[in-house]
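Colleague: Before we talk about packing and backbone geometry, could you put the model on the screen?

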Amino acid sequence: MRRPSLMVTEVAAGVHVLGSLRFNWYVVEQGGRFTVVDAGLPAHWAQLGALLEWFGEDLSSVEAVLLTHGHADHAGNAERIRDGCGASVYAHPADWPDVRSGRLPRPTAAQVLRLVRPSWLTFTVEMARGGAMRFPPVQELSELEDGAALDVPGRPRVVAVPGHTAGSCALHLPAGGVVFTGDALVTLNPAARAPVRRGPQLACDAFQEDAAQALASLARLEALDAHTVLPGHGEPWTGGVGEAVQRARALGRLP
Ligand SMILES: [Zn+2]
Ligand SMILES: [Zn+2]
């Protein structure tokens, strides 16, 4: 079996990370079937095919794409997967307009002012190079409903964590002790004010639709039975989601 050219990293049993570390998406494998959690930047498309090939499978083995929220760096390849194999794409209805728009939400004037910082420039260039300014709008969507257990590989359970966006959801794999937190709880803020801090934290206020709500939503993650936190940005955290939430809370809202 040929290894893919990318470095494949199994970050938890049966869970592989794709992307660039600054931008993560994940693939959950169970018995040769796959759930894709977030859909990366368009530039990272080839990584999915390479990983499936490494398993001796192809796109037809993907059953579902679950989007933690509707931002372009998380939804970039969703339509391509759906169109390629008929997999259902799930997102919370509050974020459907973003997923269907095929473009980055336009920042408010206040956001632009706050975002004038060198790290933002680097981040924006990486987003733009990755194809985030435009991505194929998702034509058909299924609903991520708070509390639902989805009958797809990994049997993820949906935990609504609004704040970063109104439709932000975490996805909990109870059997694996894993939770995908999207941008509700990250371990790296690619556009933070220098110095860039690593470890569990909220996204910067400038990127939150409702920063106070994002802080409050951490309580929904705190009691989950999960030792591994897999965020939308940054490295995995394996010290337990409770500890991750405590650390993020201690840092509080970030400018
Ligand atoms: Zn986001
Ligand atoms: Zn993101």
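Modeller: A word on terms comes first: axes are lines fitted to C-alpha atoms, for helices over the stretch in contact, and angles run from 0 to 180 degrees between N-to-C directions. Helices (H or I, at least four residues) and strands (E, at least two) are DSSP runs, numbered from the N terminus. This is a predicted model, in which local features need pLDDT of at least 70 and side-chain atom pairs count only at pLDDT 80 or more, while totals for chains, interfaces and linings use all residues. Residues are numbered from 1 along each chain as its sequence is written, and chains are lettered from A and ligands numbered from 1 in the order in which they are written.

Colleague: Are helix H7 and helix H8 roughly parallel or roughly antiparallel?

Modeller: The axes of H7, residues 211-222, and H8, residues 241-251, come within 9 Å and cross at roughly 165°. Angles under 35 degrees count as roughly parallel, over 145 as roughly antiparallel, 65 to 115 as roughly perpendicular and the rest as oblique. The crossing angle therefore makes H7, relative to H8, roughly antiparallel.

Colleague: Which residues of H8 make the contact with H7, and how many residues of that contact are charged?

Modeller: Two residues are in contact if their C-beta atoms, placed from the backbone, lie within 7 Å. On the H7 side the contact is made by Leu218, Leu221 and Glu222, and on the H8 side by Val241, Gly242, Val245, Ala248 and Arg249. With Ala, Val, Leu, Ile, Met, Phe, Trp, Tyr, Cys and Pro taken as nonpolar, Asp, Glu, Lys and Arg as charged, and the others, Gly among them, as polar, the residues divide into 5 nonpolar, 1 polar and, as charged, 2.

Colleague: Which residues of H8 does Leu221 touch, not counting residues up to four places away in sequence?

Modeller: Leu221 is, with Tyr26, Val65 and Leu67, among the residues that touch the most other members of the largest nonpolar core, which has 72 residues. Such a core is a set of buried Ala, Val, Leu, Ile, Met, Phe, Trp, Tyr and Cys residues joined through C-beta atoms within 7 Å. Beyond four places in sequence, Leu221 touches Val159, Val161, Ala170, Val179, Thr181 and Leu185, and, from H8, Val241 and Val245.

Colleague: Is Asp38 buried or exposed?

Modeller: Asp38 sits in the loop between strand E4 (33-37) and helix H1 (45-54), and its phi is near 65°, a positive value in a residue other than glycine. A residue is buried if 20 or more other C-beta atoms lie within 10 Å of its own, exposed if 12 or fewer, and partly exposed in between, with C-beta atoms placed from the backbone. Because Asp38 has 29 C-beta neighbours inside 10 Å, it counts as buried.

Colleague: Which class, then, does Arg155 fall into?

Modeller: Arg155, in the loop between strand E7 (142-143) and strand E8 (157-160), also has a positive phi, of about 50°, although it is not a glycine. Since Arg155 has 16 C-beta neighbours inside 10 Å, it counts as partly exposed.

Colleague: And Thr108: buried or exposed?

Modeller: Thr108 is placed in the loop between helix H4 (96-101) and helix H5 (109-114). Its C-alpha is 9.7 Å from that of Ala206, 98 residues apart in sequence. With 10 C-beta neighbours inside 10 Å, Thr108 therefore counts as exposed.
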